[in-house]
Amino acid sequence: MSQCIPIDPINELPPGKRKIMFVEGRSIVLFNIEGTVYAIDNACPHDGASLASGQLDGHLLQCPAHGLRFDLKTGCVREPGGLCLTRFPVRVTDSEVVAEVHFQRAKN
């Protein structure tokens, strides 16, 4: 199941800034890099470490726990066959950022 979630007015996430949000109990980090907004799950696919405080070098986000470097454009490490982040589609309107967040339903 997916849900479009209005995140914030775009002026609250200017270029160069990041923001952590909790949506339906899920931790999501938004990055505005040169005017493009990226939304990722705040868990490294390697070991679940928080990525919110990771160092940015352009579009590369370094995991603070083990140093893996993910390209936010693709969501993956640069090595072939490497790990990839959980990314969410983002739409920026004139006034707000909207992310499409996917949720798994609990199985009965």
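Cysteine 44 is buried, with 4% relative accessible area, in what is a predicted model. This cysteine belongs to no disulfide, and its nearest cysteine sulfur, that of cysteine 63, lies 3.8 Å away. The structure does hold one disulfide, together with three salt bridges and an open sheet of four strands in the order β2-β3-β4-β8. The points below take up the cysteines, the sheet, the salt bridges and the nonpolar cores in turn.

**Cysteines**

- Cysteine 63, like its neighbour, is in no disulfide, and the nearest cysteine sulfur to it is that of cysteine 44, at 3.8 Å; cysteine 63 is also buried, with a relative accessible area of 2%.
- The reason this pair is not counted as a disulfide is the distance, because a disulfide requires two cysteine sulfur atoms within 2.5 Å, whereas the sulfur atoms of cysteine 44 and cysteine 63 are 3.8 Å apart.
- The disulfide that is present joins cysteine 76 to cysteine 84, with an S to S distance of 1.8 Å.
- The link between cysteine 76 and cysteine 84 is right-handed, with 95° about the S-S bond, and cysteine 84 is partly exposed, at 35% relative accessible area.

**The four-stranded sheet**

- The sheet is open and its pairing is antiparallel, with the strands in the order β2-β3-β4-β8; β2 and β8 (87–88) are the edge strands, each of which pairs on one side only.
- Strand β2, covering residues 18–23, and strand β3, covering residues 26–33, pair in the antiparallel sense over six bridges, and within this pairing arginine 18 has phenylalanine 31 of β3 as its bridge partner.
- β2 and β3 form a hairpin with two residues between them, and in the turn glutamate 24 has a positive phi of about 50°.
- On the other side of the sheet order, β4 and β8 pair in the antiparallel sense over two bridges, where isoleucine 40 stands opposite arginine 87 in β8.

**Salt bridges**

- A search of the whole structure finds three salt bridges, and one of them joins arginine 26 to aspartate 41, with the closest N and O atoms 2.8 Å apart.
- This pair links distant parts of the chain, since arginine 26 is in strand β3 and aspartate 41 is in strand β4 (residues 36–41), 15 residues apart.
- Arginine 26 is partly exposed, with a relative accessible area of 23%, whereas aspartate 41 counts as buried at 12% relative accessibility.
- Arginine 69 forms a salt bridge with aspartate 57, the closest N and O atoms being 3.7 Å apart; here too distant parts of the chain are linked, with arginine 69 in strand β7 (residues 69–71) and aspartate 57 in strand β5 (residues 55–57), 12 residues apart.
- Both members of that pair are partly exposed, arginine 69 with a relative accessible area of 36% and aspartate 57 at 47% relative accessibility.
- Arginine 78 forms a salt bridge with aspartate 71, and the closest N and O atoms of this pair are 4.0 Å apart.
- In the pair of arginine 78 and aspartate 71, the arginine counts as exposed at 60% relative accessibility, while the aspartate counts as buried at 12%.

**Nonpolar cores**

- In soluble globular proteins, nonpolar side chains tend to be buried together.
- The largest nonpolar core in this model has 15 residues, and those with the most contacts inside it are Phe31, Ile40, Leu51 and Leu72.
- Strands β3 and β4 each supply at least two residues of this core, and the largest share, three residues, comes from β3.
- Apart from this core lies another, of nine residues, including Leu13, Leu30, Val37 and Phe88.
- Leucine 51, one of the residues with the most contacts inside the largest core, touches Arg18, Phe31, Ile40, Asp41, Asn42, Ala43, Cys44, Leu61, Cys63, Pro64 and Leu85, not counting residues up to four places away in sequence.
- The contacts of leucine 51 therefore bring together several residues met above, among them Arg18 and Phe31, Asp41, and both Cys44 and Cys63, given that contact means heavy atoms within 4.5 Å.

Definitions and conventions. Residues numbered from 1 in each chain as written. Predicted model: local features only at pLDDT ≥ 70, side-chain atom pairs only at ≥ 80, totals over all residues. Heavy atoms only, no water. Pairing = 2+ DSSP bridges. Salt bridge = Lys/Arg side-chain N within 4 Å of Asp/Glu carboxyl O. Buried < 20%, exposed > 50% of the residue type's maximum accessible area, 1.4 Å probe, protein only. Core = buried A, V, L, I, M, F, W, Y, C linked by side-chain atoms within 4.5 Å.
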